[in-house]
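Here are my notes on the model, set out as numbered points to be read beside the structure.

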Amino acid sequence: MPLTTTPAILLRAHAYGETSRVLRFLTRDRGIVGVMAKGVRSGRRGAGLETFGAGALVFFYKETRDLQTYKEFSLERPRRSLAHEPLRLAAASVLAELVLRHGGDAVPETLFDTLGEALDHLAEASGDEILLSLLSGAWGIIRVLGYQPSLTPCPTCGRDLSGDEIGRFDYPQGGVLCAACAEGAAGPRIGPGARRQLAALFRAELPELDKSAAHLRLLSDFITYHLSGGKVLDSFRVFAAMLPGNG
Ligand SMILES: [Zn+2]
């Protein structure tokens, strides 16, 4: 069985029996990889297995297996601050779940760097910037996965929205409908300000948001519709419930 080494980010770990763990990584070379890691729950063998940390994963690879066999993980970038604050941890969990829910072994290679940068930004964000950092990181991942919505032109009639036009977001079409096509449509209203803010988030910037709760709902509903099979990500519920005013 070939021994494989690849850069990897640990996304999730759960206990298996008394001494082992099942670990899920995003790897640069093989997409999402699940490994059975025996004997890592005690002693030195489990050192460095920190969730959201990046490093070099070594495992025995067999194509027909769901769970590969773990050899070792050398932690290079721990990102420990993500675990120190509940809201930061919840935001990082949303990014990890988004990648886990969508990813197989055929994810684009750039997803590895995109997720890594998003986690770095989240780890360094000030308390006020956590929500923004999550929005920008998640839209960046969605873009790499090939699902970025179009802000203009209107996906129904193909006309460019004018500078002050108020359209509506259409989830099935993955874009913003012009005012005429939006008549009778049910999606959230998207004015010029919201379009500018979304465009900035798509570019991985941290714009000032007029309505951050509406942005969070749009992101969550978009992911539910297109990426997570009609079900809200569990970590999204956790994150939203922690925000001030939603408690
Ligand atoms: Zn239209």
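1. Leaving aside its neighbours within four places in sequence, Leu-26 is in contact with Ala-8, Ile-9, Leu-11, Ile-32, Val-99, Gly-103, Leu-111, Phe-112 and Leu-115, where contact requires C-beta atoms, placed from the backbone, within 7 Å of each other.

2. This is a predicted model, in which local features need pLDDT of at least 70 and side-chain atom pairs count only at pLDDT 80 or more, whereas totals for chains, interfaces and linings use all residues. Residues are numbered from 1 along each chain as its sequence is written.

3. Leu-26 also appears, with Val-94, Leu-95, Leu-115 and Ala-138, among the residues with the most contacts inside the largest nonpolar core, which has 63 residues. Such a core is a set of buried Ala, Val, Leu, Ile, Met, Phe, Trp, Tyr and Cys residues joined through C-beta atoms within 7 Å, and buried means that 20 or more other C-beta atoms lie within 10 Å of the residue's own. Helix 3 (residues 130-144) gives the most to this core, nine residues. Because domain 1 (3-78) and domain 2 (81-148 + 189-242) both contribute residues, the core lies between them; the bounds come from an automatic or database domain assignment.

4. The protein chain has six helices and eight strands, which are DSSP runs (H or I, at least four residues, for helices; E, at least two, for strands) numbered from the N terminus. From that end, their order is β-β-β-β-β-α-α-α-β-β-β-α-α-α.

5. Buried residues make up 35% of the 247 residues in the protein chain, and its C-alpha trace spans about 60 × 40 × 25 Å along the principal axes.

Technical notes
A residue is buried if 20 or more other C-beta atoms lie within 10 Å of its own, exposed if 12 or fewer, and partly exposed in between; C-beta atoms are placed from the backbone. Two residues are in contact if their C-beta atoms, placed from the backbone, lie within 7 Å.
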